[in-house]
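I opened this notebook page to record what I looked up in the structure, going from the contact between the chains to the strands of one of them.

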Amino acid sequence: MSDSARAPTVQPLFLRIVHWINAVAVIAMTLSGWRIYNASPLYGFEFPAGLTLGGWLAGALAWHFTAMWLLAINLLAYLLYGLATGHFRRRFLPLWPREVLADLCDVVIGRAIHAPGRYNAAQRAAYLLAVAAIIAAILSGLAIWKPVQLQELTALMGGFETARRVHFFAMAALFLFLLAHVALALANKNSLVAMVTGKSEPTP
Amino acid sequence: MKRHKTSLADFRPRIERIERRLFLKQSLSLGALTMLSGCTLKDDDAVDRLLFAMSRFNDAAQAALFNPTKLAPIYAEADLTTPFPFNAYYDEAFAPVIDGDAYRLQLSGLIERKRPWPLRELRALPQVSQITRLVCVEGWSAIGKWGGVPFRIFLERIGADTSARYVGFRCADNYSTSIDMPSALHPQTLLALDFPGRPGETKYGFPVKVRIPTKLGFKNPKFVTEIFVTNDNPGGYWEDKGYNWFSGS
């Protein structure tokens with residue numbers, strides 16, 4: 001591809017919108033969640049207050065219970081789109097553990113191929129895990145928000161206190177993904193540009 | 001421990017505030033809005049207005065999700081959290097100690113029979129006890145045993161207008177809160193007279209606490225001295241500071 005204006009769209013507009021709404025929602029949920037965590041820390045440490053969102057517990061809760069709608073509705077739109085258009089099948093399958101491991105090694109030694117819109121196996125696994133972590137965060141979040149009205153879900157999560165921990169580790173998994181995702185996107189500007197403009201820059 | 005006898009004078013600041021609120025009509029929204037301002041995003045009123053609007057939307061969503069016949073899970077004696085954590089907006093040492101013999105539960109608002117209730121008459125009403133989980137807005141939870149009068153029976157006994165929208169509570173520790181009528185009529189909502197902890201301990205709300213297993217802990221007032229029924233949302237101590245009003249579990 002020599003002319004990026006004529007380059008095919010590798011990230012459709014719908015996906016780009018959903019991606020950036022999700023980015024805002026996940027960051028708002030994480031930073032406000034850290035403030036809520038600090039009100040009653042589970043694991044002998046607190047998140048630096050300066051990094052959190054909301055200013056105090058009530059403010060953080062207000063943010064958390066606002067951004068949750070954005071996160072959940074956006075995820076629902078993404079899942080419906082992915083299933084209806086065959087996007088998930090095309091982008092995420094096949095997914096063989098051996099391929100994932102091989103591509104993961106390539107990522108580590110910096111030899112991985114990042115072609116926007118065409119994911120290597122390690123990317124496919126990482127994106128699916130990120131979606132799974134968001135789903136786990138939403139389900140465990142509902143379980144601790146409504147331990148009476150949704151008590152069947154809370155029981156499925158192992159009870160209220162276990163659901164709190166599931167919620168924490170879903171956040172932790174998603175946050176680790178976010179760190180790797182941002183680092184790799186900055187190292188492969190092409191994919192970052194594609195997620196903004198939809199087009200792939202010419203590869204050197 | 002100081003003795004705390006309740007009188008009208010104790011409530012004067014509160015009554016004045018409520019009068020001011022009735023005057024303002026949009027009381028809850030103004031109170032909460034003021035509190036959210038400067039506490040969430042600095043000097044960004046548009047954001048605070050959005051957060052406040054979403055909190056009211058979440059009140060409606062939770063009211064719609066509330067199932068009046070769905071019971072909170074019941075636990076066994078072996079599950080009890082001991083010692084049960086003390087929690088209030090002040091330290092444990094400042095918890096009021098109330099003289100049970102002099103105590104009278106005051107009633108006001110949309111209630112037919114407003115005669116104050118001494119403790120022994122509350123004791124003469126049907127009593128039940130239950131072991132449920134109290135979930136705090138801070139995230140922690142504790143399992144406790146509360147006994148007392150099913151709140152629905154009490155509301156019927158005093159001729160409360162159960163078609164009204166809200167039940168409000170005022171407390172000897174200058175705390176206040178309010179709940180929706182469907183939650184007040186829930187079969188597990190209790191006018192609690194027996195509390196977690198050892199007999200004689202008064203810090204958990206003696207003589208009267210309202211225990212609502214379908215609400216977060218801060219919606220369960222201790223040291224209750226007055227109950228009123230109203231159609232204007234009375235807000236509450238934490239609710240006016242910006243915590244979500246419905247706060248159902």
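The entries below take the interface before the sheets.

**Entry 1, the interface.** I am working from a predicted model. I began with the extent of the contact between the two chains, and found that 33 residues of chain B are in contact with 26 residues of chain A. Chain B and chain A bury about 2500 Å² between them, and 64% of that area lies on carbon and sulfur atoms.

**Entry 2, polar links across it.** I then asked how many salt bridges there are between chain B and chain A. The count is one, and I traced it to the side chains of Lys70(B) and Glu152(A), which meet at 2.8 Å, N to O. For polar contacts across the interface of chain B and chain A, I noted nine residue pairs, with both residues at pLDDT 80 or more.

**Entry 3, the side of chain B that touches chain A.** Looking up which elements contribute here, I found that α3 (45–65) and β5 (128–135) of chain B each supply at least two residues. The largest share, eight residues, comes from α3(B). Sorted by class, this side of chain B has 19 nonpolar, 10 polar and four charged residues.

**Entry 4, the open sheet.** Turning to the strands of chain B, I recorded an open sheet of five strands in the order β4-β3-β11-β7-β8, with mixed pairing. In chain B, β4 (117–118) and β8 (176–180) stand at the edges and have a single partner strand each, so one side of each is left without a neighbour in the sheet. Within this order I followed β3 (residues 104–109) and β11 (residues 224–230) of chain B, which pair in the parallel sense over four bridges; Leu107(B) has Ile227(B) in β11(B) as its bridge partner.

**Entry 5, β6 and its partners.** Is strand β6 of chain B mostly buried or exposed? Nine of the 10 residues of β6 (residues 141–150) of chain B are buried, so this strand is largely enclosed by the rest of the structure. I next looked up its pairing, and found that β5(B) and β6(B) run antiparallel over eight bridges, with Leu134(B) standing opposite Ala142(B) in β6(B). These two strands, β5(B) and β6(B), form a hairpin with five residues between them, and Gly139(B) in the turn has a positive phi of about 115°. I also found β6(B) joined by four bridges to β9 (residues 190–194) of chain B, again in the antiparallel sense, and there Gly148(B) has Ala192(B) in β9(B) as its bridge partner.

Conventions
Residues numbered from 1 in each chain as written. Chains lettered and ligands numbered in written order. Predicted model: local features only at pLDDT ≥ 70, side-chain atom pairs only at ≥ 80, totals over all residues. Heavy atoms only, no water. Contact = heavy atoms within 4.5 Å. Buried area = accessible area lost by both parts, 1.4 Å probe. Salt bridge = Lys/Arg side-chain N within 4 Å of Asp/Glu carboxyl O. Polar contact = N/O pair within 3.5 Å; in protein donor to acceptor, adjacent residues only side chain to side chain. Nonpolar A, V, L, I, M, F, W, Y, C, P; charged D, E, K, R; others polar. Pairing = 2+ DSSP bridges. Buried < 20%, exposed > 50% of the residue type's maximum accessible area, 1.4 Å probe, protein only.
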